[in-house]
Amino acid sequence: MAYSDAPRGTGWNVWWGRETPFSLAPSDDPLFDRRLVLPDAFRTPRKGRWLVLTYTLPARARPLRPLLRLLRAEGGHDSFVLPGLALGSAHWLGYLPGDCEGIEIAAEPGFVLERVGLRRSGSIVAEALLKRPVRVAAALRAGLARDERRWRDSLRGACAVTPLGRYRGWKAARPFGPASTEPASGASIRLVLPSDFARADAVARSVASLRAQTHRNWSLLVAWTDDGPPTQTAGIDPRVATARWNPSSPIQSLYGGADLFGMLRPGDVLAPDALRLLAKGFESEAAELVYADEEIGGRAIRPRLKPDWSPDLALATGYVGAPALVASSFLTALPVEPAGSPEDAGLGLDLATGAATRVVHIPRILCRREPLADPVSARASRLDRHLRSRNSPVRAVLRQGRLDLSWPRPEPAPLVSVIIPSRDRLDLITRVTEGILEKTDYPALELIIVDNGSTEPAVLALYDRLRADRRVRIELYPHPFNFSAMVNAGARSAGGEILVLLNNDVAVLRPDWLDALVAQAARPEVGAVGAKLLYEDGRLQHAGVVVGLGGEAGHVLRRRPADTPGHLDRLHVAHERSGVTAACLAVAQEKYRAVGGFDEETFPIDFNDIDFCLRLGARGWKTVWTPHAVLSHLESVSRGRPVGAARARFEREAAAFTERWREVIRHDPFYHPALSLTTFGEELE
């Protein structure tokens, strides 16, 4: 891989607008501490204009996305979360309304604004027509309705957001800059590259990228796995050695006394700063594992933009990949077992690092790898083979309780209290109660309906019939609608060890949904657990919540096909998310009480579930989404869209959520900072 040394800005083209002079001045605001100053000749006309920014951040800066605030004439403001970096620079496109009177920026130290451009709306619409014409139709409808936000976001989604499949063009506009001038770490690094002789050319490409590293204190062992000449790479560099791969030796025998250790595949090509940045990651965090992002080469280059440390996802998918280094102190503390084949050694190391607790992720693409035929199937096959083998050292790792892939439901089954806030709507409450009481294969449950003043005779008659079932209680909540308060009221009366919050517009699709939720919620380290929810037409409604998506928080990949794998194939496995929806949320009652339940004062209607998940996270309990609990959800069919006073209330709650969780909005640890917050797919911005 040739990492470009072209000057930043070579990707600047006609679509990025006319470049304009600018300056950054200090501001008195403690957060928005920079003011973007444009010359008077470029002041925004009353009809508005579009702004284009190109900026850089140091690779080792905190991965907080920059913020931009537009000050408006009436005293209000609009705030935006800008994309982070995966390569050398980032671009942002945004609309400057006609009454914009000032532009302020909040960013980490080292933020450099390189270029500013201005564009007219006509050029934006023309670009959108070329890229995503469907979004132009949505923008025109919003414009006719004078809905500035939808008009703006529809055009931004068309012009500023790039599908992952178009990564090559996206990358071309963000070339790598000059090498880091930060002093290199003094740590020694040992790398091992197993290969057969047929891959000698690929090995040579990997060695060439190592020789170009700005971190010089490294050594490489090329371990040949067949009868090829063991001296093939001799003489290239004294730091490169060759030997035969010995399956009987433990992996600890390979690190050669170095401070840090890593494994490569033939053809891995590291960016020149890769080892320097990885090694520096160990200095401030006393880390056990440091990893960065990668891209997969081949006919179509594609990125692998990884989340921050996500041990469930790492165990199930091996997403850490390359480049990655482990501390030798962590490596030597592992059980000493024969390495086996190179694939088994890599898998064993991969699984062992799943137990790491001090992990650093550098959200930059620092390696290109050659594609594997079917990495998910290959990994699953190897895992299955090791689980069946009594003598496999990998099997021993898998069987540790904290690394158990199966997460079985506890026995005996704990009592589950299913809590449903509801009012009237016979069709909804009939469907959901039948699903719980008649179509759910779980042996110990109670159903608590928190009723908010139902008056429909048919609903009241249904309640009378349900009361004959000893598993059912109807709790009355004769107060103005407050979803959080209703959930809390249900939780206070619940006797279950596990609470399951369920909307009345949810339908049970499979009898094992509750087993899957309870298996996760019973884990000591897990707080909230969310389900895979589908619209009635079978498309995805909920696959976890990304904080910052759509402004405050949103459902990722909604309206995609139900079998969508998601980036890194994460939608096939249970994994960590920052939040899940209370439309179906399981949590141990003791953890619910420990954080005080839902915040009914600050978030009576919206954002209460995500706030709850984040408060659990602040106490050390992670949120997990599982694809194995599948239900249907009509999504707020019983409430409709907020307007008038309800809209004003929503805006108050959104502002409170932003104020409380601003840093998570700027960096959801389970969503890469270069992925867009504008659209609801995993796309580049």
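These legends accompany views of a predicted model.

**Figure 1. Overview of the predicted protein.** The protein has 685 residues, of which 58% are buried. Its secondary structure comprises 19 helices and 30 strands. Among contacts with a separation of 6 or more, 79% link residues 24 or more positions apart. The exposed surface of the protein is about 28100 Å², and 52% of that area comes from carbon and sulfur atoms.

**Figure 2. The open sheet of five strands.** The strand order is β2-β3-β8-β5-β6, with antiparallel pairing. The edges are occupied by β2 (residues 23–26) and β6 (residues 77–81). Each of these two has a single partner strand, so one side of each lacks a neighbour in the sheet. From one strand to the next, the twist averages 30°.

**Figure 3. Pairing of β5 with β8 within the sheet.** Strand β5 covers residues 67–72 and strand β8 covers residues 100–106. The two strands run antiparallel and are joined by six bridges. R72 of the protein lies opposite C100, a residue of β8.

**Figure 4. Surroundings of L347 in helix α9.** Helix α9 spans residues 342–352 and contains L347. The relative accessible area of L347 is 3%; because this is under 20%, the residue counts as buried. G318 is separated from L347 by 29 residues in sequence. In space, the C-alpha atoms of L347 and G318 are 8.2 Å apart.

How values were computed:
Residues are numbered from 1 along each chain as its sequence is written. This is a predicted model: local features need pLDDT of at least 70, side-chain atom pairs count only at pLDDT 80 or more; totals for chains, interfaces and linings use all residues. Side-chain values use heavy atoms; hydrogens and water are left out. Two strands pair if DSSP finds at least two bridges between them. Helices (H or I, at least four residues) and strands (E, at least two) are DSSP runs, numbered from the N terminus. Axes are lines fitted to C-alpha atoms, for helices over the stretch in contact, and angles run from 0 to 180 degrees between N-to-C directions. Buried means under 20% relative accessible area, exposed over 50%, partly exposed in between (1.4 Å probe, protein chains only). Contact means heavy atoms within 4.5 Å. Accessible areas come from the Shrake-Rupley method with a 1.4 Å probe; for residues, only the protein chains shown count as cover.
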